[in-house]
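Reader: I am new to this structure and would like to understand the words people use for it. Could you show it to me and let me ask about the terms one by one?

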Amino acid sequence: VAAAPHAAASVATHCPYCALQCAQTLTVTAGERLPVAVAGREFPTNRGGLCQKGWTSAEVLRAADRITAPMIRTADGGFREASWDEALGLVADRVSALQAESGNDAVAVFGGGGLTNEKAYALGKFARLALGTRLIDYNGRFCMSSAAAASNRSLGMDRGLAFPLADLGGADAVLVLGSNMGTTMPPFVQHLAGVRSRGGLVVVDPRATVTAKLTDGGAGIHLAPVPGSDMVVLLALLHIVLAEGMQDAAYLAARVEGLDEVRRSVAQWWPERAEAVTGIPADTLRDVARLLAAASPSREGRGAYLLTGRGVEQMAQGTDCVNAAINLALALGLVGREGSGYGPVTGQGNGQGGREHGQKSDQLPGYRMITDPAARAHVASVWGVDPAVIPGPGVPAVQLLTSLGTPDGPRALLVHGSNVVVSAPNATRVEERLRALDLLVVCDLVPSETAMLADVILPVTQWAEEDGTMTNLEGRIIRRRAAVEAPGEARSELWILGELARRLGCDAVFSEDAETMFDEMARASAGGKADYSGITYARLDAGEELFWPCPASSPGEPAHPGTPRPFLERFPTPSGRARMIAVAHRGPVDEVRHGATTYLVTGRVLQHYQSGAQTRRVAELAEAQPESFVEMHPLLADRLGLAAGDVAILTTARGEASAPVRLTEDIRVDTVFMPFHWAGEGSANRLTNDVTDPTSSMPEFKVTAVHIRAALRD
Ligand code: SF4
């Protein structure tokens with residue numbers, strides 16, 4: 001890797017990992033390819049803080065096995081280096097041949113929630129125009145789809161938190177459902193200091209996580225319900241609010257519809273019945289309902305927020321569960337009011353922007369449905385094509401992955417920014433499907449587990465090597481800035497997609513310049529819910545704080561200031577009112593029989609991000625968390641004949657995994673926890689269920705019935 005000449009500089013950018021997108025300053029020395037220092041930078045979300053992943057992020061730039069040239073699989077199963085011309089020519093020829101034989105849908109695309117907005121947009125355009133395929137979806141389906149679906153059907157729009165994070169600081173109560181931000185995004189916790197000081201933090205999690213322990217010492221209440229019963233907690237809280245007349249009647253009358261049906265749907269969930277299902281004492285449920293109600297502005301409180309995370313969203317009833325949370329927030333008059341609100345805590349770095357610009361199987365840029373004739377006409381005009389050229393909706397991620405290589409399924413897959421062999425549910429089946437393809441092309445930084453199955457690996461630039469924008473968990477658009485040169489032959493996906501499109505005979509323009517691509521994306525989004533048309537790099541670089549929607553202003557008018565709190569005046573529904581949605585508890589699909597099986601819940605550790613493809617290559621992080629593990633209560637371990645450090649073998653209907661046991665009393669006795677950052681024997685996703693939510697197509701990662709036994713000792 002040749003050193004590239006640079007002037008000494010400090011570059012203001014953001015962390016490559018999670019949706020908090022903490023602000024960083026990278027210091028670069030003249031002539032060096034790698035930054036010499038990473039520092040936290042003052043910004044409204046992280047206030048100068050970074051977590052261990054952020055501090056060590058520059059290490060990923062110097063990963064020893066970084067892919068620096070295109071790689072083509074050889075006859076003996078290995079790889080050889082190739083020129084870009086050869087690799088792209090090979091991909092284009094094989095894609096063309098497969099499509100000539102089996103139609104355009106013979107080729108599918110799988111994107112990622114970590115791609116910049118520009119790349120996410122370019123990928124959607126590439127799939128629809130250069131490949132002409134319906135089949136594109138992305139790993140955000142595993143992350144935000146339930147919260148997005150619930151917000152869309154209730155609030156008319158999915159805008160993440162829909163308020164600046166700093167607003168949390170003034171609240172009297174915050175209810176956190178299934179998120180462990182104390183571990184996964186530690187700088188977030190600063191924003192909970194105010195509510196903790198007022199004793200108003202409530203955390204719902206089957207584990208006493210770092211976040212749950214923030215409630216200790218009178219700072220709040222931790223509820224540890226039976227895994228999969230979170231919705232019953234929410235239904236019971238709403239039951240109590242209505243039974244005790246604590247709802248915000250004036251707000252409901254003015255801004256909400258659907259209360260009567262919802263009232264009937266929660267009538268059966270009186271606290272004692274909910275206690276029997278959730279294990280949470282009825283009086284504790286009453287305490288929480290009253291705490292939230294007292295914080296409502298209608299009762300002279302300073303405000304309250306409800307936040308959902310993957311713990312309640314990654315369920316086959318995930319959408320309904322989020323709607324139960326929104327129903328509660330609406331009943332208390334919290335949504336669309338400054339100082340209160342509902343929001344999902346987005347996980348992936350561009351989990352928000354990644355779902356707005358056309359990577360989803362059913363959407364076009366601007367967060368518009370691909371079946372909407374007006375949206376098709378507008379986007380087609382920006383793309384310079386007839387609307388009829390744009391294919392119709394495809395299928396969501398799990399359905400796409402399970403169809404690969406089947407007689408009626410795609411024969412080729414292009415993967416961008418996703419390590420599905422580790423991150424998708426029922427991972428063994430995913431690997432089988434990838435192996436059944438005629439052609440697998442993976443764009444990656446490093447030889448991830450998915451890249452190692454590819455026929456062609458295309459090396460790509462990463463965060464500190466590229467310009468672009470990301471949209472954080474608040475719906476705030478931020479600038480990613482290049483600080484260093486990419487190594488070897490690594491190129492941006494923007495360039496790769498343009499080159500492939502040209503070789504496939506596509507006339508559409510694909511700029512490799514991020515700002516040019518952003519401007520086109522912004523035009524394509526005009527008039528949609530996620531309207532970026534008033535945003536420019538110049539405004540972002542001038543330090544303006546811009547949240548979408550931010551439409552372009554008319555000539556002579558001042559620029560639109562963006563919309564940090566989008567629901568203050570009205571909800572973007574036909575009536576302008578939010579809709580309460582009546583939902584019913586169904587429970588997890590895997591049945592857990594008392595005494596025979598145990599609940600498996602999966603999640604993340606501080607040191608690793610998603611599939612671990614990046615963080616497992618950072619020495620400090622790998623040393624701190626070198627391998628997968630199974631966390632369980634000592635009483636459960638006793639019953640199973642396991643001790644700390646023993647290897648436990650876990651079996652579900654999907655497969656088997658094994659990992660060393662860690663003992664903790666911070667987990668329910670009937671539940672074990674496994675992080676999902678590792679492949680191979682320790683892969684939690686070999687166990688997880690790929691059954692999906694009927695509305696959002698979110699897989700049921702979060703609750704799995706698992707049998708556990710001890711591995712034979714030597
Ligand atoms: Fe911030 Fe998330 Fe990066 Fe940690 S991983 S520094 S919380 S953006």
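Author: Gladly, and let us begin with a hairpin: β19 and β20 form one, with five residues between them, and Gly475 in the turn has a positive phi of about 80°. This is a predicted model, where local features need pLDDT of at least 70, side-chain atom pairs count only at pLDDT 80 or more, and totals for chains, interfaces and linings use all residues. Residues are numbered from 1 along each chain as its sequence is written.

Reader: What makes β19 and β20 a pair?

Author: Two strands pair if DSSP finds at least two bridges between them. Here four bridges join β19 to β20 (residues 477–480), and the strands run antiparallel. One of the bridge partners is Ile477 in β20, matched with Thr471. As for the names, strands (E, at least two residues) and helices (H or I, at least four) are DSSP runs, numbered from the N terminus.

Reader: Which residues of β19 point each way?

Author: Gly468 and Met470 point one way from β19 (residues 468–471), Thr469 and Thr471 the other way, and all are buried.

Reader: Why is Thr45 called buried?

Author: A residue is buried if 20 or more other C-beta atoms lie within 10 Å of its own, exposed if 12 or fewer, and partly exposed in between, with C-beta atoms placed from the backbone. Thr45 has 24 other C-beta atoms within 10 Å, so Thr45 is buried. Thr45 is found in the loop between β3 (37–40) and α1 (52–55).

Reader: Which residues does Thr45 touch?

Author: Two residues are in contact if their C-beta atoms, placed from the backbone, lie within 7 Å. Not counting residues up to four places away in sequence, Thr45 touches Leu20, Gln21, Cys22, Leu165 and Asn472.

Reader: Is Gly505 buried or exposed, and why?

Author: Gly505 has 9 other C-beta atoms within 10 Å, so Gly505 is exposed. Gly505 sits in the loop between α18 (493–503) and α19 (514–525). The C-alpha atoms of Gly505 and Ala637 are separated by 61 Å, with their places 132 residues apart along the chain.

Reader: And what makes Ala624 count as partly exposed?

Author: Ala624 has 14 C-beta neighbours inside 10 Å, and therefore counts as partly exposed. Its place is in helix α21 (residues 619–624).

Reader: Why is β12 described as mostly covered?

Author: Five of the five residues of β12 (residues 304–308) are buried. Ala304, Leu306 and Thr308 lie on one side, with Tyr305 and Leu307 on the other, so to speak of both faces as covered fits.

Reader: Which strands pair with β12?

Author: β8 (residues 173–177) pairs with β12 in the parallel sense over five bridges, and Val176 stands opposite Leu307. β13 (residues 341–344) also pairs with β12 in the parallel sense, over four bridges. There the bridge partner of Thr308 is Pro344.

Reader: How do you know that β17 is mostly covered?

Author: Six of the six residues of β17 (residues 439–444) are buried. β16 (residues 412–416) and β17 pair in the parallel sense over five bridges, while four bridges join β17 to β18 (residues 456–459), also parallel.

Reader: What makes you say that the ligand lies between domain 1 and domain 3?

Author: Domain 1 (9–62) and domain 3 (145–344) both give residues to the shell around the ligand, so the ligand lies between them. Domain bounds come from an automatic or database domain assignment.

Reader: Which residues are closest to the ligand?

Author: Of the 14 residues that surround the ligand, the closest are Cys15, Cys18, Cys22, Cys51 and Gly54. A residue is near a molecule or strand if its C-beta atom, placed from the backbone, lies within 6 Å of it.

Reader: How do you know how confident the predictor is?

Author: pLDDT is the predictor's confidence in each residue, from 0 to 100. The mean pLDDT of the protein is 94, and 98% of its residues reach 70 or more. Over residues 1–5, however, the pLDDT is below 50. The model scores ipTM 1.00 and pTM 0.95.
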